[in-house]
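This report describes selected local features of one structure. The sequence and the coordinates are shown first, and the description follows.

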Amino acid sequence: MTDHHSDIDSVTGKSTTGHEWDGIKELNTPLPRWWVISFYLTIVWAVAYWIVYPAWPLISSNTTGLFGYSSRADVAVELANLEKIRGDKMAALGKASLADIEKDPALLALARAKGKTVFGDNCAPCHGSGGAGAKGYPNLNDDDWLWGGTLDQIMQTIQFGARSGHAKAHEGQMLAFGKDGVLKADEIVTVANYVRSLAGLPTRKGFDAAKGEKIFAENCVACHGDGGQGNPSMGAPNLTDKIWLYGSDEAALIETISQGRAGVMPAWEGRLDPATIKAMAVYVHSLGGGK
Amino acid sequence: MNKTVNPKDLTLDDDNGPLYAARKKVYPQSVSGTFRRIKWGLMAFCLGVYYFLPFVRWNRGLGAPSQAVLIDLPNSRFYFFFIELWPQEVYYFTGLLIVAAVALFLMNSLGGRIWCGYLCPQTVWTDLFYAVERLIEGDRRERMKKDKSSDPMKLERISEIVLKHSIWLLIAWWTGGAWVLYFNDAPTLVKELVTFQAPMIAYIWIGILTATTYVLAGFMREQVCTYMCPWPRIQAALTDEWALNVTYRYDRGEKRTSVKKAAELRALGEQVGDCVDCYQCVAVCPTGIDIRNGPQMECIQCGLCIDACDNVMTKIGRPKRLIGYDNDINIQRRQEGKAPIYRIVRPRTIVYSAIIAAIGGFMIYTLATRSLLDVNVLHDRNPVAVKLSDGSIRNAYTVRLLNKSGYDRVIAIDANGPANATIHVIGVDSVTPDRPMIVIPRDSTSELRLLVTAPAENNTEKSVPVRFHVTDIGLGEVASATDNFVSP
Ligand code: SF4
Ligand code: SF4
């Protein structure tokens with residue numbers, strides 16, 4: 001190997017590295033000193049970083065760094081701070097009665113905001129993001145309530161659910177009159193048409209209204225009431241209004257009567273804290289249908 | 001024939017150096033005269049406004065900020081004397097920026113880069129830093145000598161340098177400090193800054209602006225104008241032959257010779273110029289150029305060379321303004337023995353002025369007539385419409401009321417649209433049926449959930465427009481917004 005310090009390129013007057021390919025020599029052009037220094041500094045920086053910050057994975061944990069810093073702890077602190085900031089307001093929400101919340105614009109706004117996010121996380125899968133519902137899942141914006149639409153009733157439904165298995169849950173269900181052999185097929189058609197007549201919907205030509213009334217009186221009145229106006233304490237829907245959870249045409253009604261219905265609403269007590277449940281009740285009530 | 005080429009002959013520079021030309025340090029000399037006086041005056045005015053404006057108070061009543069100019073970021077408000085802007089009014093700033101840009105064009109078509117020479121912050125602060133430098137290290141010659149001398153640093157010289165940089169840093173720090181005062185109540189913030197109670201972000205901003213001022217005005221100087229600023233290049237495309245530019249009147253400048261020789265030659269009836277080649281115009285130039293070479297991109301049109309040359313001309317008894325604000329057309333005309341003409345009113349200036357007047361006028365109009373009560377309505381999307389048990393239809397809206405005034409308001413809300421509609425605001429028991437009333441505190445917004453219910457029979461159309469009116473029942477001020485009432 002040539003001593004490159006003594007090998008001077010005749011054209012440029014610069015020393016070469018001594019490397020030569022096909023008669024072309026590589027000039028010795030070192031990196032600028034500031035560049036080299038910065039490069040070493042970054043290495044020093046990296047080593048310092050390993051020491052100061054948590055960096056290396058160990059078998060069951062990791063190096064903790066000089067000051068025991070961790071971003072997880074940062075998050076915990078920030079969450080705690082948030083809790084502190086929100087604490088007062090949420091405490092006020094927890095203390096106020098449902099009716100008072102709706103009367104206080106600030107509390108109402110807070111409850112609606114809180115309720116809306118919680119609703120989006122927990123209720124939207126069934127009831128839709130705006131509470132518009134779907135077949136079998138009630139629309140929470142209208143004024144028809146299976147289990148009652150006052151603030152307290154809504155809160156109770158959210159807390160304990162319906163057929164949720166909770167001790168205080170709403171119970172009661174639509175029997176399967178066809179499947180269980182209580183009513184014959186033609187009787188089901190007749191009573192279905194009778195129910196449509198209760199709601200002012202057109203009926204099948206030549207259907208026997210008197211027979212329908214008789215079947216209804218024997219089988220349905222117990223839950224849905226004499227005129228079919230429903231009973232919130234049993235979750236029996238009003239059959240005379242314009243809102244139908246499972247559809248109002250003849251086929252849908254026949255299906256309902258022969259198969260029965262028993263939608264489930266989970267209980268939220270225990271999963272959400274009381275103030276949050278309250279906020280959600282206020283939010284649902286304020287969707288517009290509350291009574 | 002085939003001469004061997006010496007590679008050294010192929011380099012682009014005679015000195016065989018790098019292709020990049022190193023900066024030649026500029027040592028502008030002090031000068032006195034008309035334009036220097038104008039520059040001092042404008043500097044005092046601009047810096048005075050910038051440094052002290054935050055301390056000007058303005059009474060807006062109890063609870064409202066009392067600072068005349070305040071950008072209140074946390075509360076999203078902008079205060080400018082009697083004007084208070086809300087976030088949805090940021091378009092005023094857009095308008096202001098457009099007006100500013102066109103004003104710059106107008107200035108350019110009238111007087112070339114006078115913005116650069118007199119008002120640009122880079123120029124103003126650099127000028128101030130030069131003044132400090134001159135005061136401490138002496139004028140051009142002295143500074144050049146001191147920089148060149150290879151003497152070991154004497155204590156005197158070191159103390160000079162330290163003093164200069166300390167004063168520069170002080171000015172830079174004050175510049176950063178004044179900046180943050182626009183974002184917070186100035187006296188309070190000053191107190192907090194001194195006692196180290198101010199928020200971190202204030203210190204960070206002061207740090208950033210101190211650093212940029214120090215570096216840009218102390219070291220970068222004219223390089224900002226020549227290499228960093230896009231304006232010299234843009235303005236070259238905007239200028240025209242009528243714009244007044246700092247011009248060397250070569251028609252009476254050439255050929256250059258000494259005073260004595262010129263007098264002799266003149267006596268013989270020969271053509272000689274007034275320029276005595278004294279280089280005063282070059283010495284004072286903050287960008288270090290020779291204006292006698294014609295218009296140049298580096299020239300910021302500060303007019304200092306005019307002052308320098310005027311002083312020389314006075315001394316040698318020749319007419320002033322051998323260098324002056326002029327245009328090339330006039331040099332031509334003078335040579336042809338015609339009187340110079342100046343044209344301020346030209347299609348270009350008329351268009352620019354008209355744009356400024358139009359946008360400015362429109363802004364003033366909207367500002368003067370803008371309502372301090374506003375309403376925004378957002379229709380519920382999910383569900384758009386709800387059928388109620390009795391068959392009627394209900395639509396829900398999020399209504400945002402803005403009370404930009406300094407007093408609490410009692411507001412009544414009406415909805416005109418679907419036939420026989422009733423309205424209800426959640427959380428409000430209407431005293432007057434179908435006309436809910438609520439109170440919005442001053443300088444705040446309220447968000448309401450509003451329900452419009454109408455019987456289905458009367459509203460068979462898929463969608464009918466509905467107009468919401470909000471009325472300040474005390475003052476009668478009305479604002480309204482339109483949306484639709486949708487049937488399922
Ligand atoms: S040439 Fe004259 S006007 Fe232009 S920057 Fe220099 S001193 Fe200023
Ligand atoms: S200052 Fe005037 S006289 Fe002196 S060199 Fe410049 S143009 Fe010529």
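## Arginine 409 and a three-stranded sheet in chain B

The side chain of B:Arg409 forms a polar contact with the side chain of B:Asn403, at 2.8 Å. The structure is a predicted model, and the values below are to be read accordingly. A second polar contact of the B:Arg409 side chain, at 2.6 Å, involves the side chain of B:Asp472. The table sets out both pairs.

| Side chain | Partner side chain | Polar contact |
|---|---|---|
| B:Arg409 | B:Asn403 | 2.8 Å |
| B:Arg409 | B:Asp472 | 2.6 Å |

B:Arg409 belongs to strand β9 of chain B, which covers residues 409-416. B:Arg409 is classed as buried because its relative accessibility is 0%, and the cut-off for this class is under 20%. When residues up to four places away in sequence are left out, B:Arg409 touches B:Leu372, B:Leu373, B:Asn403, B:Ile438, B:Val439, B:Ile440, B:Asp472, B:Leu475 and B:Glu477. Both polar partners, B:Asn403 and B:Asp472, thus appear in this contact list.

A separate topic is the sheet formed by β1, β2 and β3 of chain B. These three strands make an open sheet in the order β1-β2-β3, with antiparallel pairing. Its edge strands are β1 (69-72) and β3 (83-85), each of which pairs on one side only. On average, neighbouring strands of this sheet are turned by 10 degrees against each other, direction ignored.

Strand β2 of chain B (residues 77-80) pairs with β3(B) in the antiparallel sense over three bridges. B:Phe80 has B:Ile83, in β3(B), as its bridge partner.

Notes: Residues are numbered from 1 along each chain as its sequence is written. Chains are lettered from A and ligands numbered from 1 in the order in which they are written. This is a predicted model: local features need pLDDT of at least 70, side-chain atom pairs count only at pLDDT 80 or more; totals for chains, interfaces and linings use all residues. Side-chain values use heavy atoms; hydrogens and water are left out. Two strands pair if DSSP finds at least two bridges between them. Helices (H or I, at least four residues) and strands (E, at least two) are DSSP runs, numbered from the N terminus. Axes are lines fitted to C-alpha atoms, for helices over the stretch in contact, and angles run from 0 to 180 degrees between N-to-C directions. Buried means under 20% relative accessible area, exposed over 50%, partly exposed in between (1.4 Å probe, protein chains only). A polar contact is a pair of N or O atoms within 3.5 Å; within protein, one must be able to donate a hydrogen and the other to accept it, and residues adjacent in sequence count only if both atoms are side-chain atoms. Contact means heavy atoms within 4.5 Å.
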